[in-house]
Amino acid sequence: MSQSLSDEIKKEVEKRRTFAIISHPDAGKTTLTEKLLLFGGAIRLAGSVKARKASRHATSDWMEIEKQRGISVTSSVMQFDYLGHRVNILDTPGHQDFSEDTFRTLTAADSAVMLIDVAKGVEAQTVKLFQVCRKRGIPIFTFINKLDREGQSPFDLMEEIERVLGIRSVPMNWPIGMGRELCGVYDRMKNQVELFKGDDHSTIAVRPVSDYNDPVIREMAGDYLHDQLIQDLELLDVAGDPFDFEKVRAGELTPVFFGSAVNNFGVQTFLENFLQLAPTPTSRISTTGMIEPTDEKFSGYVFKIQANMNPAHRDRIAFLRICSGRFDRGMSVRHVRAGKEIKLSQPQQFLAQDRDIVESAFPGDIIGLFDPGIFRIGDSLSQGSDIVFDELPTFSPELFAKVTVKNALKHKQYQKGIDQLTEEGTIQVFHTTGGFDEMILGVVGQLQFEVMQYRMRAEYGVEIQLHRMTFQFARWIVDDHIDPSKYRINSTLVKDKKGNYVALFENEYAMRTAIDKNPTSKFLEMAP
Ligand code: G4P
């Protein structure tokens, strides 16, 4: 029995690839996701993910956000099968949906796909998301999109990736022409050419070639583009980094693919290469040592909690990343923090279209647990022993506000709401130091403020007003002797909920000055 269980888990783990797509808004994430889902047969109609996105951003009215929250529940994790693999794509919302959740979601991924617009290069949100992935040391694959448009030269993009993100890259394929001249990509690993042709660019053919000097390419692309290709690839062969699987796995080298998501060009080869190179669910650090995905005992942790779209029900959905063992519907597991056994009876798995009740799931999978208010972000669930996974990091907020309660009599409910929302990770709370204790809220994205304001009203009956502050950066300070007088100009010193000192700065200059003036202090982007 046990032997077959561990064989089954091993087999299922081998099949799984769980990743997140990281990009700046408009780079084409929705389009790429949709193409991937089409390959996997998870959706039948092109445009369905897109239509959902359109309805999500149609209005910023809160009720709409609530509705689309429901929608984003279903699209938070998308699962499909392709060539014997089970693929889980974690959604990392952009635009006004950007929040600390986005960062936390990345902790549930085993690898990331970084999507870059060929014309715009590495953009701000990509940098932020990249840094979170980099810290975790997960492999990062790059897809350079919109090759059908004029953009920067591939060499310039590689240089930019290295300069801005500090990671070396290795092109897996190389464009033959670009924009209107685009006629295909040369696959450096398989020595084949993928052709991009037809008036609507929809016809795609694959031709094996001996190498990039093959006259077949000249016939197809013409002298100018072939000469250019030979010149580029000779340079790459000599000066570029060789493909190094170990470096890719360690997150030190990013394989780069060129393509055009909207034209479905280069997407399939990207997917197939990615599935081969990307890691299976990885082991996780816990208080009882490393937890291997193939361990027979089930374990997992909550990385995101989402409020129900229906304000009449206060229940939430807790997103759990399975780390080991086999999950079965109705199984009893230990809720480690609460110190009790709970039954997981109505778990949901998320596909692009519908929520499905899941019967069984394996490491790498994400399940949604019905949460009547018992879970917190970072909670561990396990079978048997009291495994506690490494605490989820608290990310550095960039927007800050003070709060006033419109009706002073509601103070008790207000405090309850603040406690709950802090626990859920909707907002971070800081307290001013030095005399008068005032509360300052910190968030990563504006949406978090909107969610808080709405939920305070809907769930706690408290009307609040937020007063935005001018701070832009927060750094946790580690030092035995902190001198508050050094944090007065364009900055302030506050404490987080655990009593750690945090300095808030209005601008980068103020932050740098403080760092220079306090050589004995360590300034951390995340809570220690
Ligand atoms: P996002 O989720 O990253 O925000 O991006 P999304 O997929 O919505 O794509 C943003 C825009 O870029 C869309 O155009 C989309 O069609 C376009 N796009 C995506 N991939 C490619 C590509 O390979 N080449 C070109 N030329 N465009 C691409 P839109 O005008 O905003 O929407 P739509 O009216 O085209 O749907």
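Select K146 to begin: in this predicted model, K146 counts as buried because 25 other C-beta atoms lie within 10 Å, and the threshold for burial is 20 or more. K146 sits in the loop between strand 5 (140-145) and helix 7 (154-165). Its backbone deserves a look as well, since K146 has a positive phi of about 70° although it is not a glycine.

Next, select L83, in the loop that separates strand 2 (77-82) from strand 3 (85-90). L83 likewise is not a glycine, yet its phi is positive, at about 45°. Is L83 buried or exposed? It counts as exposed, because it has 11 C-beta neighbours inside 10 Å, and the limit for exposure is 12 or fewer.

Now display the ligand with its surroundings. The shell holds 18 residues, of which G28, K29, T30, T31 and S260 come nearest. Colour the shell by residue class to see 4 nonpolar, 8 polar and 6 charged residues. Which element gives the shell its largest share? Helix 2 (residues 29-39) does, with 3 residues.

Proceed to strand 15 (residues 316-324). This strand is mostly covered, with 8 of its 9 residues buried. Add strand 22 (residues 366-371) to the selection: the two strands run antiparallel and are joined by 6 bridges. To inspect one pairing, pick A318, whose bridge partner in strand 22 is L369.

From there, move to the loop between strand 24 (399-405) and helix 11, where L409 is found. L409 counts as exposed because it has 9 C-beta neighbours inside 10 Å. Draw a distance from the C-alpha atom of L409 to that of V462: the separation is 9.6 Å, although the two residues are 53 apart along the chain.

Continue into helix 11 (residues 411-424). Its 14 residues reach 20 Å from the first C-alpha to the last, close to the 20 Å expected at 1.5 Å a residue. Select Y414, G417, I418, L421 and E424, which are the buried residues of helix 11. Turn the view to look down the axis of helix 11: the buried residues fall within an arc of 135°, so they line one face of the helix. The other side of helix 11 carries K412 and D419, which are exposed. Just after helix 11, stop at G425, where phi is positive at about 85°.

The last stop is an open sheet. Select its 8 strands and follow them in the order 27-24-26-25-29-30-28-31; their pairing is antiparallel. Which strands stand at the edges? They are strand 27 (464-468) and strand 31 (522-524); each has a single partner strand, so one side of each is left without a neighbour in the sheet. Viewed across the sheet, the twist averages 40° from one strand to the next.

Within this sheet, isolate strand 28 (residues 473-478) and strand 30 (residues 501-505). These two run antiparallel, and 4 bridges join them. To close the tour, select R475 together with A503, its bridge partner in strand 30.

Note on methods: Residues are numbered from 1 along each chain as its sequence is written. This is a predicted model: local features need pLDDT of at least 70, side-chain atom pairs count only at pLDDT 80 or more; totals for chains, interfaces and linings use all residues. A residue is near a molecule or strand if its C-beta atom, placed from the backbone, lies within 6 Å of it. Ala, Val, Leu, Ile, Met, Phe, Trp, Tyr, Cys and Pro count as nonpolar, Asp, Glu, Lys and Arg as charged, and the others, Gly among them, as polar. The expected span of a helix is 1.5 Å times one less than its number of residues. The arc is that of the directions from the helix axis to the C-beta atoms. Two strands pair if DSSP finds at least two bridges between them. Axes are lines fitted to C-alpha atoms, for helices over the stretch in contact, and angles run from 0 to 180 degrees between N-to-C directions.
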